Amino acid sequence: MDLPHQGFRATKQRARAAPSAGDAVLFDDTSSAAPGMNSQGFYTPAYNMAGPSNDLQGAPGVNNLFADPMASAAMMYGSSLANQGKDIVNKEINRFMSVNKLKYFFAVDTRYVLKKLMILMFPYTHQDWEVRYHRDTPLTPRQDVNAPDLYIPTMAFITYILLAGMALGIQKRFSPEVLGLCASTALVWIIIEVLVMLLSLYLLTVHSDLSTFDLIAYSGYKYVGMIFTVMCGLMFGSDGYYVALAWSSCALMFFIVRSLKMKILPSISSDSMGMGSNSKPQLRLYITVATAVFQPIIIYWLTSHLVR
């Protein structure tokens with residue numbers, strides 16, 4: 001029968017014949033072509049990832065930028081502006097705090113420090129309190145023991161803070177907050193004392209040779225007596241504390257009176273209130289005594305809570 005034979009022919013697949021060379025091709029086979037290129041030329045070449053092309057090698061580089069005269073001139077102009085800004089900053093700093101004056105107050109040596117500490121604790125044995133000058137310029141502390149300095153007040157302040165921390169630790173009352181409050185209180189008292197002294201001299205029109213650094217130095221000498229007072233209190237109790245407080249207070253008062261007596265000078269001209277020049281020595285005496293009497297009060301206020 002012919003039916004099975006016809007069914008076998010229906011299921012048999014035919015092989016596709018390759019198109020002849022003469023037939024027209026409707027679509028081009030582009031699967032094997034390189035990316036970025038085809039036969040029609042519709043695409044631009046791809047980016048060259050290997051590096052810049054040869055036509056860019058002649059462009060100026062970073063080294064050529066610094067060799068440019070305009071770039072060098074700009075760098076020189078910027079450097080001059082930086083130097084001018086530095087000079088302006090230094091000038092503004094010198095308006096409020098002279099670096100040369102600050103160096104003068106720290107020009108000390110070991111011999112001066114030992115002598116000054118002896119004068120602070122035993123001022124009654126010191127005879128010559130006059131500050132020496134050389135061509136209208138006061139001698140440095142290492143050359144004159146009567147010259148005020150800032151080294152001893154600074155070191156005494158730091159030592160007082162450390163001693164306060166040790167005293168609070170012995171009494172089981174130490175904490176960073178309490179120690180910070182102690183340090184800030186001591187610093188604020190110095191600032192208040194110096195401001196009050198400057199304001200008093202200004203309002204009473206008393207001419208003096210005292211500068212702000214001088215007042216800070218004389219106000220900071222009290223920390224030497226405070227250290228001595230706290231140490232005696234820790235070693236000998238409250239009785240030793242009060243004995244040391246009395247001794248250091250009297251010694252500091254005597255030191256302040258004799259030192260400021262050489263610094264505060266009477267005014268020559270009368271002020272706007274009509275007070276004559278004869279009243280100026282009295283004002284100088286009042287300011288000196290008030291400053292000296294104020295020292296024991298601050299010493300007791302800053303040390304009494306450390307000894308129990």
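**A walk around helices H8, H9 and H5**

Let's start with helix H8, residues 212-220: seven of its nine residues are buried, so the helix is largely enclosed by the rest of the structure. Those buried residues are Phe213, Asp214, Leu215, Ala217, Tyr218, Ser219 and Gly220. Keep in mind throughout that this is a predicted model.

Tyr218 is a handy stepping stone, as it is one of the residues touched by Ile256. Ile256 belongs to helix H9, and at 1% relative accessibility it counts as buried, because the cut-off for that label is under 20%. Leaving aside residues up to four places away in sequence, Ile256 touches Thr288, Thr291, Ala292 and Gln295 as well as Tyr218. There is also Val293 to look at: 37 residues separate Ile256 from Val293 in sequence, while their C-alpha atoms sit 9.4 Å apart in space.

Now move along H9 to Ser248, which is found in that helix too. Its relative accessibility is 3%, so Ser248 counts as buried. What does the polar side chain atom of Ser248 lie 2.8 Å from? The partner is the backbone oxygen of Ala244. A general point about helices helps here: an α-helix has 3.6 residues a turn, so residues three or four places apart point the same way. Beyond its sequence neighbours up to four places away, Ser248 touches Gly225, Phe228 and Thr229.

Phe228 leads on to the next stop, since it is also part of the contact that H9 makes with helix H5. How do H5 (residues 110-121) and H9 (residues 222-261) pack against each other? Their axes are 7 Å apart and meet at an angle of about 95°. Angles of 65 to 115 degrees count as roughly perpendicular, and H5 and H9 therefore fall in that class. On the H5 side, the contact is made by Lys116, Leu117, Ile119, Leu120 and Met121, and on the H9 side by Val224, Phe228, Trp247, Ala251 and Phe255. By type, the residues of this contact divide into nine nonpolar, one charged and no polar.

Last, a look at the cysteines. Are Cys232 and Cys250 buried or exposed? Cys232, at 12% relative accessibility, counts as buried, whereas Cys250 is partly exposed, with a relative accessible area of 44%. As a reminder, a disulfide is a covalent bond between the sulfur atoms of two cysteines. Searching the whole structure for disulfides turns up zero.

Technical notes: Residues are numbered from 1 along each chain as its sequence is written. This is a predicted model: local features need pLDDT of at least 70, side-chain atom pairs count only at pLDDT 80 or more; totals for chains, interfaces and linings use all residues. Side-chain values use heavy atoms; hydrogens and water are left out. A disulfide is a pair of cysteine sulfur atoms within 2.5 Å. Buried means under 20% relative accessible area, exposed over 50%, partly exposed in between (1.4 Å probe, protein chains only). Axes are lines fitted to C-alpha atoms, for helices over the stretch in contact, and angles run from 0 to 180 degrees between N-to-C directions. Helices (H or I, at least four residues) and strands (E, at least two) are DSSP runs, numbered from the N terminus. Angles under 35 degrees count as roughly parallel, over 145 as roughly antiparallel, 65 to 115 as roughly perpendicular and the rest as oblique. Contact means heavy atoms within 4.5 Å. Ala, Val, Leu, Ile, Met, Phe, Trp, Tyr, Cys and Pro count as nonpolar, Asp, Glu, Lys and Arg as charged, and the others, Gly among them, as polar. A polar contact is a pair of N or O atoms within 3.5 Å; within protein, one must be able to donate a hydrogen and the other to accept it, and residues adjacent in sequence count only if both atoms are side-chain atoms.
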